[in-house]
Amino acid sequence: LVNCQYSMATFSTSERKRRPRGDRKSQEMTMHLQQTFNAAILTSLHPRSQIDIFVEVLQSDGGNYCASVNAATLAVIDAGIPMKDYVCACSASYLGDSPIVDINYLEESSGSPEITVAVLPKSEQIVFLEMNGRLHEDNLSKVVDMAVKGCKDVYGVLDRTVREHVSQVGSSLET
Amino acid sequence: MAEVDLSDAEKIFIKHGVQDNCREDGRGCEDYRHIELETGLLSNTTGSARVRLANTDILAGVKAELGTPSPDKPNKGRLEFFVDCSANATPVFEGRGGEELAAEIGNILTRTYDCPSCFDLEALCIIPEEQCWILYVDVLLLECGGNLFDVASIAVKAALYNTKIPKVTVSRDEGLVELEISDDPYDVQRVEVQSAPCIVTVCKIGHSHVVDASLKEEACCLARLTMGVTERRTVTGVRKEGSGSLDPASLEDMMQTGKRVGELLNKSLMDSLLEEERQGSKKKPVGFLK
């Protein structure tokens, strides 16, 4: 069983947020995170146990879901819980006449369509896909491809960091 | 608070150690653990600070907003505290679990800062009865390692020191008042925190008392005295918590210790804040990567 909680600090957004958690957006985000990690974590190896994933957003400038998924992936790896693969998330949009990757808060609130994708990088399987706004279907595949490529780039960074950390810990254990 | 289970033998061990002025980790009764402090971490806020005392980790952020002053204090700004216990600290804080503790810390902070001589609210007033600055101070508990009240007050004081409120120019035009907020990041008004109080928690263990109790020591203590002390040894608020009772003589002792320790704590905090500011851009921000 995977239990998630998504919470935002009151000073995280430029407009002060009154309730850190419990409002509808946070609950929706919690459900999305739960759905994503249920697909990736091998829960069958931990029967009759609950895995808690608590996400706290300290500062927000767009891409909250993506940053939460990437951070939670690293946390689960740090905890030693087996997963099918890293889960990397990235957002993309279509502004003017070109697709753009990793949109910030200004771009999110400008009314342009937004696609958020979470993938398992090695097998390129999409675990979570969400789209807001209006997007012409001709542009859909371009934008999704852009987001998936963004995810693979994120995977490169996460993988490199994990390997560095493990080699550091390993070498300090030997001495 | 995150509770730790101790056996009776362990409790007796700690009590005897405290009586001989030697605590579990070798400190004296009036020594604080190693404190790490960093300000100016969050760019979205007007001021921010993160304090780490052994395992306790607290992040404080200040946001300044324009608003109307309260009707009974028309020429003073407002200071509003909000404390949030993150579920990252202990799973007990999930959902609404940490609300009681958060309310307690928030109330104590409000009461300690309510003293007129320690925090100048009139400097936050722009137009009496109409417009003033409201400073929303938000405290986020990231990890619990004992002594939450002290660390929260240190974080609040550091965040207020770091706060840079933009200057406002008032122009009156035929009865209509216009406020112009300066966009210049260097045209700012600093908050005066020299005489702001710091909270010192004195815990009674056995027959003596300790300052800055760790989780295990908190589990042994029956009564706690939480006091707000300024750098001039003025006490702005005292509260006794816990189920044990204190006789007046030990109460007097604990308050003297609290005043002594509070004065030192305030002084070293101001010294480190000034030192950090002096280093300015030469300092490498550590942030959350350590």
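The exercises below, each with a worked solution, concern a predicted model.

**Exercise 1. The interface**

Task: Describe the contact between chain B and chain A by residues, area and polar pairs.

Solution.
- Step 1. Start with the residues: 24 of chain B are in contact with 20 of chain A.
- Step 2. Take the area next. About 1,800 Å² is buried between chain B and chain A, and carbon and sulfur atoms give 52% of it. In chain B, the residues that lose the most area to chain A are N44(B), K63(B) and E94(B), together 25% of what that side buries.
- Step 3. Turn to the polar pairs. Between chain B and chain A, nine residue pairs are in polar contact. The rule finds one salt bridge across this interface. D138(B) and R16(A) meet through their side chains in a salt bridge, at 2.8 Å from N to O.
- Step 4. Assign the side of chain B to its elements. Strand 3 (56-67), strand 4 (78-85) and strand 6 of chain B each give two or more residues to the side that touches chain A. Strand 3 gives the most, with five residues.

**Exercise 2. Nonpolar cores**

Task: Locate the largest nonpolar core and say which element gives the most to this core.

Solution.
- Step 1. The largest nonpolar core has 64 residues. Those with the most contacts inside this core are L79(B), I105(B), F119(B), L135(B), L141(B) and L160(B).
- Step 2. The element that gives the most is helix 3 (residues 148-162) of chain B, with 11 residues.
- Step 3. Follow one residue, L160(B). Leaving aside residues up to four places away in sequence, L160(B) touches V62(B), L79(B), Y113(B), F119(B), L135(B), V137(B), V191(B) and V193(B).
- Step 4. Another core, of 26 residues, lies apart from the largest one; I53(A), V55(A), M83(A) and V127(A) are among its residues.
- Step 5. As background, nonpolar side chains tend to be buried together in soluble globular proteins.

**Exercise 3. Salt bridges within a chain**

Task: For the pairs D153(A) and K149(A), D212(B) and R33(B), and D187(B) and K167(B), give the distance, the placement and the exposure.

Solution.
- Step 1. Set the total: a search of the whole structure finds 24 salt bridges over all chains.
- Step 2. D153(A) and K149(A) meet at 3.3 Å, N to O. Both lie in helix 4 (residues 137-174) of chain A, four residues apart, about one turn of the helix. D153(A) counts as partly exposed because its relative accessibility is 44%, and K149(A) counts as exposed at 52%.
- Step 3. D212(B) and R33(B) meet at 3.0 Å, N to O. This pair links distant parts of the chain, 179 residues apart. D212(B) is in the loop between strand 12 (208-211) and helix 4 (215-220) of chain B, while R33(B) is in the loop between helix 1 (8-19) and strand 1 (35-39) of chain B. D212(B) is buried at a relative accessible area of 0%, and R33(B) is buried at 13%.
- Step 4. D212(B) and R33(B) also belong to a network of salt bridges, in which R23(B), D25(B), R27(B) and E217(B) are linked as well.
- Step 5. In the salt bridge of D187(B) with K167(B), the closest N and O atoms are 3.8 Å apart. D187(B) lies in the loop between strand 9 (176-181) and strand 10 (188-190) of chain B, and K167(B) in the loop between strand 7 (164-166) and strand 8 (168-173), so the pair ties together parts 20 residues apart in sequence. D187(B) is partly exposed at 28%, and K167(B) is partly exposed at 40%.

**Exercise 4. Cysteines**

Task: How many disulfides does a search of the whole structure find, and where is the nearest cysteine sulfur to C66(A) and to C151(A)?

Solution.
- Step 1. The search finds zero disulfides over all chains.
- Step 2. For C66(A), the nearest cysteine sulfur is that of C90(A), 5.8 Å away. C66(A) is buried, at a relative accessible area of 7%.
- Step 3. For C151(A), the nearest cysteine sulfur is again that of C90(A), at 5.2 Å. C151(A) is buried, at 0%.
- Step 4. A disulfide requires sulfur atoms within 2.5 Å. C66(A) is in no disulfide, and C151(A) is in no disulfide.

**Exercise 5. Positive phi**

Task: Are E129(B) and N147(B) buried or exposed, and what is the phi of E129(B) and of N147(B)?

Solution.
- Step 1. E129(B) is not a glycine, yet has a positive phi of about 70°. E129(B) sits in the loop between strand 5 (125-127) and strand 6 (131-143) of chain B, and counts as exposed at 62% relative accessibility.
- Step 2. N147(B), also a residue other than glycine, has a positive phi near 60°. N147(B) is in the loop between strand 6 and helix 3 of chain B, and counts as buried at 3% relative accessibility.

Terms used
Residues numbered from 1 in each chain as written. Chains lettered and ligands numbered in written order. Predicted model: local features only at pLDDT ≥ 70, side-chain atom pairs only at ≥ 80, totals over all residues. Heavy atoms only, no water. Core = buried A, V, L, I, M, F, W, Y, C linked by side-chain atoms within 4.5 Å. Buried < 20%, exposed > 50% of the residue type's maximum accessible area, 1.4 Å probe, protein only. Contact = heavy atoms within 4.5 Å. Buried area = accessible area lost by both parts, 1.4 Å probe. Salt bridge = Lys/Arg side-chain N within 4 Å of Asp/Glu carboxyl O. Polar contact = N/O pair within 3.5 Å; in protein donor to acceptor, adjacent residues only side chain to side chain.
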